[in-house]
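Here is a short tour of a protein model for someone who works at the bench. Keep the sequence and the 3D view open while you read.

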Amino acid sequence: MDKFLQAAIEEAKKGLKEGGIPIGSVLVIDGKIVGRGHNRRVQDSSAILHAEMDCLENAGRMAASEYKKAILYSTLSPCSMCSGAALLYKIPKIIIGENRTFKGPEEYVRSCGVEVEILDNQECFDMMQSFIQKNPQLWNEDIGE
């Protein structure tokens, strides 16, 4: 398995242990993880701390030229908010663990010139499927339904 996806999965598991939604993300530049995060909406009572947003926040402020070399990994297809952040910073590639439980605006992101790769990782799928079955109300809140 891709070591960076594995790091994102570890973040998702950390979020689940904290009582949150099991979605994780890492930002990679030049083969090195520069930011990692997990969904923290429940833990921090936040409206916006999805995994990708937490990851970007934890990466800290960077020059635009750095983002243009980055790859954003996420265990789940990024939603409109998180996809928008990737587009804003011109991150050229997003690698998604799975998009069967939720599919963000992948075609729009592609139409903006971003390479989107879906790995269809079974561990990512199983983790989300299990969470959604046990916590449908919390899941629906997270995706704005």
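## The sheet and its helices

Strand β4, made of residues 93–98, pairs with β5 in the parallel sense, and four bridges hold that pairing. One residue pair to look for is I94, whose bridge partner in β5 is V116. Please keep in mind that this is a predicted model.

Now step back to the whole sheet. Five strands form an open sheet, and their order is β2-β1-β3-β4-β5, with mixed pairing. At the edges are β2 (32–38) and β5 (115–118), each of which pairs on one side only. On average, neighbouring strands of this sheet are turned by 15° against each other, direction ignored. As a general reminder, strands of a sheet pair through backbone hydrogen bonds, either parallel or antiparallel.

The antiparallel sense shows up between β1 and β2, which are joined by six bridges. There, I29 has K32 in β2 as its bridge partner. The two strands form a hairpin with two residues between them, and D30 in the turn has a positive phi of about 50°.

Helices pack against this sheet too. Helix α3 (residues 51–59) touches β1 (24–29), β2 and β3 (70–76), and its direction makes about 135° with that of β2. Helix α7 (residues 122–134) lies across β3 and β4, and runs at about 65° to β4.

## Two threonines and their surroundings

T75 is found in strand β3. Is T75 buried or exposed? T75 is buried, with a relative accessible area of 2%. Leaving out residues up to four places away in sequence, T75 touches A8, I9, A12, P22, I23, G24, G97, E98 and C124.

T101 sits in a loop, the one between β4 and α6 (106–111). With a relative accessible area of 16%, T101 counts as buried because the cut-off for buried is under 20%. Beyond its neighbours within four places in sequence, T101 is in contact with L76, F125, M128, Q129, I132 and W139. T101 and P78 are 23 residues apart in sequence, and their C-alpha atoms are 12 Å apart in space.

## Cysteines without disulfides

How many disulfides does a search of the whole structure find? The search finds zero. Take C82: the closest cysteine sulfur belongs to C79 and is 3.8 Å away, so the two are too far apart for a bond, as a disulfide needs sulfur atoms within 2.5 Å. C124 is in no disulfide either, and the nearest cysteine sulfur, that of C55, is 14 Å away. C82 is buried, with a relative accessible area of 1%, and C124 is buried, also at 1%.

## Positive phi in two loops

K90 and D120 each have a positive phi, in a residue other than glycine. The table sets out where they lie and how accessible they are.

| Residue | Loop | Phi | Relative accessibility |
|---|---|---|---|
| K90 | between α5 (80–88) and β4 | near 55° | 52%, exposed |
| D120 | between β5 and α7 | near 50° | 40%, partly exposed |

## Empty space inside and at the surface

Rolling a probe the size of a water molecule over the atoms shows where empty space is left. A search of the whole structure finds two cavities of 30 Å³ or more. The largest cavity has a volume of about 90 Å³. Its lining is made of 14 residues, and those closest to its centre are I23, H50, L76, S77 and C79. The elements that give two or more residues to this lining are α3 and α8 (136–142).

What volume lies in the largest pocket? About 160 Å³ of space lies there. The residues that line the largest pocket are I48, L49, M53, L56, E57, G60, R61, Y67, A85 and Y89. Helix α3 provides the largest share of the pocket lining, three residues. So that you can place α3 in the wider picture: this helix packs on the sheet, and α3 also gives two or more residues to the lining of the largest cavity.

Conventions:
Residues are numbered from 1 along each chain as its sequence is written. This is a predicted model: local features need pLDDT of at least 70, side-chain atom pairs count only at pLDDT 80 or more; totals for chains, interfaces and linings use all residues. Side-chain values use heavy atoms; hydrogens and water are left out. Two strands pair if DSSP finds at least two bridges between them. Axes are lines fitted to C-alpha atoms, for helices over the stretch in contact, and angles run from 0 to 180 degrees between N-to-C directions. Contact means heavy atoms within 4.5 Å. Buried means under 20% relative accessible area, exposed over 50%, partly exposed in between (1.4 Å probe, protein chains only). On a 1 Å grid over the protein atoms alone, a cavity is a set of points where a 1.4 Å probe fits but cannot get out, and a pocket is an open set with protein on both sides within 12 Å along at least five of seven lines; lining residues have an atom within 4 Å of a point. Grid points are joined across faces, edges and corners, and a volume is the space filled by probe spheres set on the points.
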